[in-house]
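Okay, thanks for coming, everyone. Let me put the structure up, and then I'll talk you through a few parts of it.

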Amino acid sequence: MSAELKVEHLRKVFSVGRPAIDDVSFRATAGEIVVLLGPSGCGKTTTLRCVAGLETPTSGEIAIGREAVSVPARGVLVPPRLRNIGMVFQSYAVWPHMTVRQNVTYPLRQRRVPRAEAGRKVDEVLALVGLSEYAERPVVSLSGGQMQRVALARSLVYQPQLLLLDEPLSNLDAKLRLRLRDDLRRIIKQTGVTALYVTHDQSEAVVLGDRIGVMRDGKLLQIAPPNEIYNRPADMFVANFTGASNALPGRLLARNGEFGTVETGGGNRLTAWLPPGVAAGSEVNVALRPENIRLGVQAAAEPNHFTARVTGQRYQGTQTIYELATLGGRLEALELGTNVRYPVGSDVEILLPPELCWAYSAQEAAPME
Ligand SMILES: Nc1ncnc2c1ncn2[C@@H]1O[C@H](COP(=O)(O)OP(=O)(O)O)[C@@H](O)[C@H]1O
Ligand SMILES: [Mg+2]
C-alpha cells in the first residue's frame, strides 16, 4: 500500500530568478523515510509541492508507485487529491472549531468511509500518535506539539501511499520539538508509509531519515544514509552544513588510492581522504569535525599525529571546545566530559584520523557562514 516515489531530472523555474529546482533525481523505496536537508531557499518546499501536485514542474518526471503523476513533456499532471498523499506542514493545519476526533475523522467522511470503520481507524491512529485521551477535547485546547500530532493523525488515518512533511517541528519550542522528533520516526515506521520529510535542521535529518539528501541552490548534492553523510561528505558544503566546521588550507602532494598527502602551512604533512577528481598539485581545503579530533593521544608513530597550542577554550558543562593553533592554521576541537583538561597556553598532542580528514578542491565554493 505504501508506494515507491521516483523523482527524475526534476526542474522548476519560476518566472524570476535562478531555477528553484535544478535537475534533481532521487527515489524513496516503499516504506523508506527520505529527508531533504538544506538551508532556507534551497528548493525543499518546491520539491515537496511538485511531488504533491501543488506545483507544476518545468520538466522532469515524478512517479508514485506505478503511476506517472507529473510528466510535463507528456502533459501529465495528476491533481493532488488523486495522488493519495498525506501532508503535514509547519503551521498546524487543524480546524480550530472541531474536537480532536472530528479533525481526524474528517478525511474519512470525505472519502465516505462507513461510520463504524471510521471510528475504528480514528481510534487506532489516535493511539499511534499518543492522543487517545484527548479525543473529545477541542483541538484549540492542545499544545503546539499535540496539535501537530493531530495534523499527523489526520494525514495518516486514510492510509496514504506517501506522506510529505515540510518542517513540521519548526514552530514548536525546543523541548516539544525533541520529543516529537523522537516519536515521529517510530510513528512513521509503524505505519510503514513511504515518507519525504524536508528540514533545515541536521539533527532532525539524522534522527528521522533512512537516507538524507543534502540540497543547495536547487541541486541535490548527495543522497546517502546518515552515517555516510557524516563520515564521507561528498563536498565541502555537505561537510560544513552537517557540522564539520574546520577547514585547513593546503596543497595535495600525491594521491595514493582514496587517500593523499596534503602539505599544510608550516610544511606539515597530513594524510587525508580524497574525493574523486582531486588531482595532485592542486590546492585543497581539509575539512574535519571538532568531535573527530583526538586530544592528548601519545601515539607518535601514528599518521596525522601533531602538536597544537591551546589558544582558547569554551567550557560548556558537559563538553569543552578548544581553539588550537596547529598545522599553520587554526582548528576547533570538542571533547566530551565535565572537566577542562588543557589550559590556554599549553601544548597538546593531537591525532587527526586520516579517514575523518577530507580534502576537497579549493576551487569549490567557500564554506558557508
Ligand atoms: N511561488 C514562487 N514564485 C517565485 N519564486 C519562488 C516561489 N516559491 C519559491 N520560490 C523561490 O524558489 C526557491 C526555493 O524556495 P523553497 O522551495 O521555498 O526553498 P526552501 O523550502 O528550501 O526554503 C527560492 O529562491 C524561492 O524564493
Ligand atoms: Mg521551505
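I'll start with the overall layout, then go to the sheet, two loop residues and the ligand.

One thing up front: what you're looking at is a predicted model. The protein chain splits into two pieces, domain 1 covering 5-231 and domain 2 covering 246-361. If you take the C-alpha centres of domain 1 and domain 2, they sit 39 Å apart.

Now the sheet. There are 6 strands here, and they make an open sheet with mixed pairing; reading across, the order is E7-E8-E9-E3-E10-E11. At the edges you have strand E7, residues 85-88, and E11, each of them pairing on one side only. Going from one strand to the next, the twist averages 15°. There's also a helix on this sheet: H4, residues 144-156, packs there and touches E7 and strand E8 (162-166). Look at its direction, by the way, because I like this detail: H4 makes about 175° with the direction of E7.

Let's go over to the other edge. E10 and E11 pair in the antiparallel sense, over 5 bridges. To pick out one pair, Met-215 has Leu-220 in E11 as its bridge partner.

So what links E10 and E11? Strand E10 runs 211-216 and strand E11 runs 219-224, and in the loop between them you find Asp-217. What is the sign of phi at Asp-217? Positive, at about 45°, and this is not a glycine. As for its surroundings, Asp-217 has 17 other C-beta atoms within 10 Å, so we call it partly exposed.

There's another residue to put beside that one. Leu-327 is in the loop between strand E18 (319-326) and strand E19 (329-336). Phi of Leu-327 is positive too, near 55°, again in a residue other than glycine. Is Leu-327 buried or exposed? It's buried, because it has 26 other C-beta atoms within 10 Å, and the cut-off for buried is 20 or more.

Last stop, ligand 1. Which residues are around ligand 1? There's a run from Gly-41 through Cys-42, Gly-43, Lys-44, Thr-45 and Thr-46, and then you also have Phe-14, Gly-17, Ala-20, Gly-38 and Ser-40. By type, that shell divides into 7 polar, 3 nonpolar and 1 charged.

That's what I wanted to show. Happy to rotate it if anyone wants another view.

How values were computed: Residues are numbered from 1 along each chain as its sequence is written. Chains are lettered from A and ligands numbered from 1 in the order in which they are written. This is a predicted model: local features need pLDDT of at least 70, side-chain atom pairs count only at pLDDT 80 or more; totals for chains, interfaces and linings use all residues. Helices (H or I, at least four residues) and strands (E, at least two) are DSSP runs, numbered from the N terminus. A residue is buried if 20 or more other C-beta atoms lie within 10 Å of its own, exposed if 12 or fewer, and partly exposed in between; C-beta atoms are placed from the backbone. A residue is near a molecule or strand if its C-beta atom, placed from the backbone, lies within 6 Å of it. Ala, Val, Leu, Ile, Met, Phe, Trp, Tyr, Cys and Pro count as nonpolar, Asp, Glu, Lys and Arg as charged, and the others, Gly among them, as polar. Two strands pair if DSSP finds at least two bridges between them. Axes are lines fitted to C-alpha atoms, for helices over the stretch in contact, and angles run from 0 to 180 degrees between N-to-C directions. Two residues are in contact if their C-beta atoms, placed from the backbone, lie within 7 Å. Domain bounds come from an automatic or database domain assignment.
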